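Biologist: I'd like a close look at one part of this model, the helix packing. Could you walk me through it contact by contact?

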Amino acid sequence: MGSKEECRTIDQKIQFLEERYEKVRKKIITNDFKYEDQFQAKMFFLLSGLEIWHKDLFTWSVPNGDFRQMSVAKRLKATGVRAGVSDLMVMGNGMIAFIENKRIGGRVSDAQKRFEAKCQLNRMAYKVYDNSREVQDIVKEIIGFMYGS
């Protein structure tokens, strides 16, 4: 795939971004990344990369996982970081989707179930994906949901 202007379909756009991801992957992914982190990093790279074509698209995450010093954990909790919030949020075309990534066999926690229920009450999309699926297929599904493509 040559230039971004040549990309018309979602498959072409993802292929374009995949080629760029492979060039920068070693700079992004370090040895201490767990597989689940690598999966999410690639998903974030592709989704945020699609902002080239979808100017209203925006993808972000919240640092609500991992082990921290107690003082850092207390500060994050006091300033609004809450357990159960999804790994990635994607906004576009007047919609928002909350994405929870799990390793194969990983379970959704009680806090995540409560967050999913809040999303449903507010008619927001909440999706759980495990890394048995290809990231490209998940990204296509999310973009298809938001843009109908």
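Biologist: Which residues in α1 meet which residues in α2?

Modeller: Bear in mind that this is a predicted model, where local features need pLDDT of at least 70, side-chain atom pairs count only at pLDDT 80 or more, and totals for chains, interfaces and linings use all residues. Residues are numbered from 1 along each chain as its sequence is written, and side-chain values use heavy atoms, with hydrogens and water left out.

Now to your contact. On the α1 side you have Ile-14, Leu-17, Glu-18, Arg-20, Tyr-21, Val-24 and Ile-28, and they meet Gln-38, Ala-41, Lys-42, Phe-45, Leu-46 and Gly-49 of α2 (contact means heavy atoms within 4.5 Å; helices are DSSP H or I runs of at least four residues, numbered from the N terminus). Sort that contact by class and you get eight nonpolar, two polar and three charged residues (Ala, Val, Leu, Ile, Met, Phe, Trp, Tyr, Cys and Pro are nonpolar, Asp, Glu, Lys and Arg charged, the others polar, Gly among them).

As for the geometry, the axes of α1 and α2 come within 10 Å and cross at roughly 135 degrees (axes are fitted to C-alpha atoms over the stretch in contact, and angles run from 0 to 180 degrees between N-to-C directions). That makes α1 oblique to α2 (under 35 degrees is roughly parallel, over 145 roughly antiparallel, 65 to 115 roughly perpendicular, the rest oblique). The crossing of α1 and α2 is right-handed (the near helix is turned clockwise from the far one by less than a right angle; anticlockwise would be left-handed).

Then bring in α5, which spans residues 135-147. It packs against α1 (residues 10-28) at about 135 degrees, with the axes 11 Å apart. So α1 and α5 are oblique to each other, and their crossing is right-handed. Here α1 contributes Ile-10, Asp-11, Ile-14 and Glu-18, while α5 contributes Gln-136, Val-139, Lys-140 and Ile-143. That set splits into four nonpolar, one polar and three charged residues. Ile-14 and Glu-18 should look familiar: both are on the α1 list for the contact with α2 too.

The third contact puts α2 against α5, at an angle of about 45 degrees and with the axes 10 Å apart. Those two helices are therefore oblique to each other as well, and they cross in the right-handed sense. From α2 come Phe-39, Lys-42, Met-43, Leu-46 and Leu-47, and from α5 come Val-135, Gln-136, Ile-138, Val-139, Ile-142 and Ile-143. The class split for α2 with α5 is nine nonpolar, one polar and one charged. On the α2 side, Lys-42 and Leu-46 turn up here and also in the contact with α1. On the α5 side, Gln-136, Val-139 and Ile-143 touch α2, and they were on the list for α1 as well.

One more thing while you're looking at α1. The whole structure holds five aromatic pairs, and one of them joins Phe-16 and Trp-53: their ring centres are 5.7 Å apart and their planes at 80 degrees, so the pair is edge-to-face (rings of Phe, Tyr and Trp, the six-membered one, pair with centres within 6.5 Å; planes under 30 degrees apart are stacked, over 60 edge-to-face, the rest tilted). Because Phe-16 lies in helix α1 and Trp-53 in the loop between α2 (35-49) and β1, the pair ties together parts 37 residues apart in sequence.
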